[in-house]
Amino acid sequence: MATFVLNGEAFEFDGADDTPLLWVLRDHAGLKGTKYGCGAGHCGACAVHVDGRARRACITPVGAMAGKQVTTIEGLGGDALHPVQQAWIEEDVAQCGYCQTGQIMNAADWLQRVPNPSDDDIEKYQTNLCRCGTYARVRKAIMRAAELSRDGAVAVVVPDTGEATS
Amino acid sequence: MTALNRRHFLKAGATLAGGLALGVSLPGRVEEKAPDLSGRVGEPSGPHLAYLVRIEPDGQVVIGAPSSEMGQGVKTSLPMIVADELDVAWDDVRVEQMPLGIKRDSEGNLSWLHVSQGAGGSTSVSEGWQPLREAGATARALLLQAASERWGVSLESLSTERGVVFHADSGRRGRYGDFAAAAAALPLPEAPPALKSADQFRIIGRPQAVVDAAEIVTGQAEFGIDAELPGQVYASIERCPYHDGTITRFDDKAARRVPGVIDVVTVEGPAPGEPFTALAAGIAVVADSTWAALQGRKALTVEWNPGPHAAESTASLRRQMQDAMQQPGQVVLDDGNVDAAFDAAADSLEAEYFVPYASHAPMEPQCCVVDIREDSAVVIAPTQNPSGASRMVNRLTGLDRMAIEVHVTRLGGGFGRRLTVDYVAEATQVSMAVKRPVKLQWTREDDLKHDFYRPCGLHRLRASLAADGQLTGWRHQLASPSKYYRRANVEADKMWTAELYPDDPPRRLLRNVQLQYYSMDSGVPRGSWRAPAHYANAFAVQSFIDELAHRRGEDPLAFQLKLLGEPRDLPYEQHGGPVFNPGRLAAVLKLAAAKADWGERLPAGRGRGIAGHFTFGGYAAYVVDVTVSDGSLRIDRVVGAIDCGLVVNPNHVIAQMESGIHDGISTALRLEITLEAGRVQQDNFHHYPLAGLRDAPREVENYIVDSPHPPSGVGEPPISPLAPALTNAIFAANGRRIRELPIADQLMG
């Protein structure tokens, strides 16, 4: 049994405490933006924020979430796009797209502490794996996100249509 | 380009809401002979998109994406082709992924309902180009016809722009949606309408972003792992770690006691030597959540019978290759007289190259949802091959093909892995056993240990040179376990056809060329891995050309350009033909070289390498800059050039170049699958270390040749030349010739 705040609302999980947060989010909370990639903390596809810091949900037991604030990609920007999401769209980062929610959650965390990132910073902190090879655009998008955050200029409402628009 | 004489049967009809729906089908492209004639003839039922173009009365334009989207951009580029001829604003288009569409004619033959829906071989754009344009143009023609009749004006007096019909003389205008219902009632034009000329394109050729970008960054895009059906249960399978091994016995008592576990069922593996269904025999734990299934699986006790390949190892396979090469191989190409050329040579060179087994390792491990019912089935899968999924379910269940729905999600990477449908075969078996919809989830360990791996191969190349430096003879011997083993209808003496493409250069660039093949035995399942044999062959051939240039003391680019010679069409009978033009390959080499300042002197420790290759209709070349110091390698810069004919979406051509660069680097640096005592040794990313961002070059530039040729695909051509450009750069930096992949720690010491 674990009770925590999930994307701003109280959430209770009544299964075993050693269940990874990842599967609680996906199978029980219905939040599927957090992806499974390796189950061992290597790839970062499952990155979420716990009390504001990026954590790999596949190796985070849900029992450790008691009393904490968990934010997933679905809750990252509230009603608007977070600057990192906005930058990811502007730089058209995604190919298959599978790892990108984890990439975004990870970048959104460390960019708070490193608001003017260098190439070295990006290489140091952005450790999520991408199989398609979007790293060139991830670099650009992180720089762009930093710029957007400095300008404080993002307030784009997330489209709520189910399917794609351009 | 394909020069098929296609006859497109287009058909139109009303949508449920009274709009226009238009499909295009290609009766000439028969998919297969149906094994069972009992099914109903017709279209897929249900509310999904069964048409390529749908215009609702409210003006909403929906365009179907027929091919699987795995990151290569076709969910954007194929609808762009339709939208341009339809003449709508791209911003007004909504794209929907189409389910598998097949139909059966009165003789029982199955064919595509609209267009080919598999995604592989870099064919989506090249094959879709003509029929998708005709579909868009036909829909536009019907809308114009409807407007002409309603307004009582001639067709010629009407024009369209961005989803609006205009009558210039009267100033009247009407949106497509206003005419959709009337257009749906019209007969189709007898011949496809005139298509736009290239200078009339408004969408094609202009960079467009990924259609699902907003959904992806907000976590709303649906991948296979996100699919669900009401009442589904979750399954995880413990598979036999030995290839063609079997279950001796197992104990599931503890597994069944794990909270949430519902059932434990066996999954039948493939018959040894026969085409694959599932990849391996296994025991499926079925539970009420993914985690419960995984926990139940851990509680299984299983004893395996290792089967016929238990003694195989990477070392034993390598010995098999080296032993085989003591003797002549199967001669699969023998132009001129290579032995005579070698005898008369002023100089000659021989080298061996090795490329290891590799795994696809898409970020999304295999998964799918399958519901096998009494008289129908539903499959939701991240598959490159929806018709293969349909055939697999038919084969295992006996259900009629027309009763099997296959829906395709976004794929969390494909790279050829998802051309095979073994995971659908597994979920089908489990669903049949538990009589419920089954969500099958592989782990990363499952995915690395059970794959259709890229074949490994040992290449031996020998070339002779005349006194003036001209190449006079070329022999390429390859020993590999062929991708084509265990395929139905491929004879033993045709194993080479998956591994060597005889019309690849240097054939016809010199007179005496011989290819020999040695078909190796291995229990390791293998399949198509991005640009199949091109990855290995480009590495061997482009490395060897670089070695020959250095042997001669010539500039590698100049040496290769001299070999390629003047632009001309040479016959190319393998996939990607019908012609190979060495001039187009020379052009991308020259473009990349020019942009990368080829020929510039570099400081000590830095090196610049070049390579180019023709892959499935596309020409790509790279110049790679590296710094090698104290055994460490840094890739500083990559400059690429591609000629893929007419460009539909420049943004995604560049993205695929970036992808090919990355995949080429990642695979060349550290990736290999090894075998010990019959078992694959790699199980997660710490043992199969994909390149991370810190491995990625900081400077990447890609250039697209302005080409008059028809479009060719870009999923695969960009990967082939990367590895040899990289290893050629390493040689230029420190004189160390990398002849074996991955590079791993070869630069140490």
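Select both chains and display where they meet: 55 residues of chain B are in contact with 48 residues of chain A, two residues being in contact if their C-beta atoms, placed from the backbone, lie within 7 Å. This is a predicted model, in which local features need pLDDT of at least 70 and side-chain atom pairs count only at pLDDT 80 or more, whereas totals for chains, interfaces and linings use all residues. Residues are numbered from 1 along each chain as its sequence is written, and chains are lettered from A and ligands numbered from 1 in the order in which they are written.

**The chain B side of the interface**

Colour strand S6 (93-97), helix H4 (213-217), helix H6 (290-298) and helix H15 (650-670) of chain B; each supplies at least two residues of the side that touches chain A. Helices (H or I, at least four residues) and strands (E, at least two) are DSSP runs, numbered from the N terminus. H15(B) gives the most to this side, with seven residues. Coloured by class, the side of chain B that touches chain A shows 26 nonpolar, 16 polar and 13 charged residues. In this scheme Ala, Val, Leu, Ile, Met, Phe, Trp, Tyr, Cys and Pro count as nonpolar, Asp, Glu, Lys and Arg as charged, and the others, Gly among them, as polar.

**From H15(B) to its sheet**

Keep H15(B) selected and add S30 and S33 of chain B: the helix lies across both, running at about 130° to S33(B). Axes are lines fitted to C-alpha atoms, for helices over the stretch in contact, and angles run from 0 to 180 degrees between N-to-C directions. Extend the selection to the open sheet of four strands, ordered S28-S29-S30-S33 (chain B), with mixed pairing. Strand S28 (606-615) and strand S33 (699-704) of chain B stand at the edges with a single partner strand each, so one side of each is left without a neighbour in the sheet. The twist averages 15° from one strand to the next. Strand S30 (residues 632-643) of chain B pairs with S33(B) in the parallel sense over six bridges; two strands pair if DSSP finds at least two bridges between them. Centre on Gly640(B), which stands opposite Asn702(B) in S33(B).

**A helix pair in chain B**

Next select helix H1 (residues 74-86) and helix H2 (residues 124-151) of chain B, whose axes come within 6 Å and cross at roughly 35°. Their contact includes Val74(B) and Ile81(B) of H1(B), and Trp129(B) and Leu132(B) of H2(B). The residues of this contact divide into 12 nonpolar, four polar and four charged.

**Chain A: two domains and a sheet**

Turn to chain A, divided into domain 1 (2-75) and domain 2 (83-151), with bounds from an automatic or database domain assignment. Their C-alpha centres lie 21 Å apart, and 14 residues of domain 1 of chain A are in contact with 11 residues of domain 2 of chain A. On the domain 1 side of this contact, S3(A) gives the most, with three residues.

Now show the open sheet of five strands, in the order S2-S1-S5-S3-S4 (chain A), with mixed pairing. S3(A) and S4(A) pair in the antiparallel sense over four bridges, and Ala47(A) stands opposite Arg56(A) in S4(A). Add helix H3 (residues 100-113) of chain A, which packs on the sheet, touching S3 and S4 of chain A, its direction making about 35° with that of S3(A).

**Confidence in chain A**

Finally, colour chain A by pLDDT, the predictor's confidence in each residue, from 0 to 100. The mean is 92, and 91% of the residues reach 70 or more. Over residues 154-166 of chain A the pLDDT is below 50.
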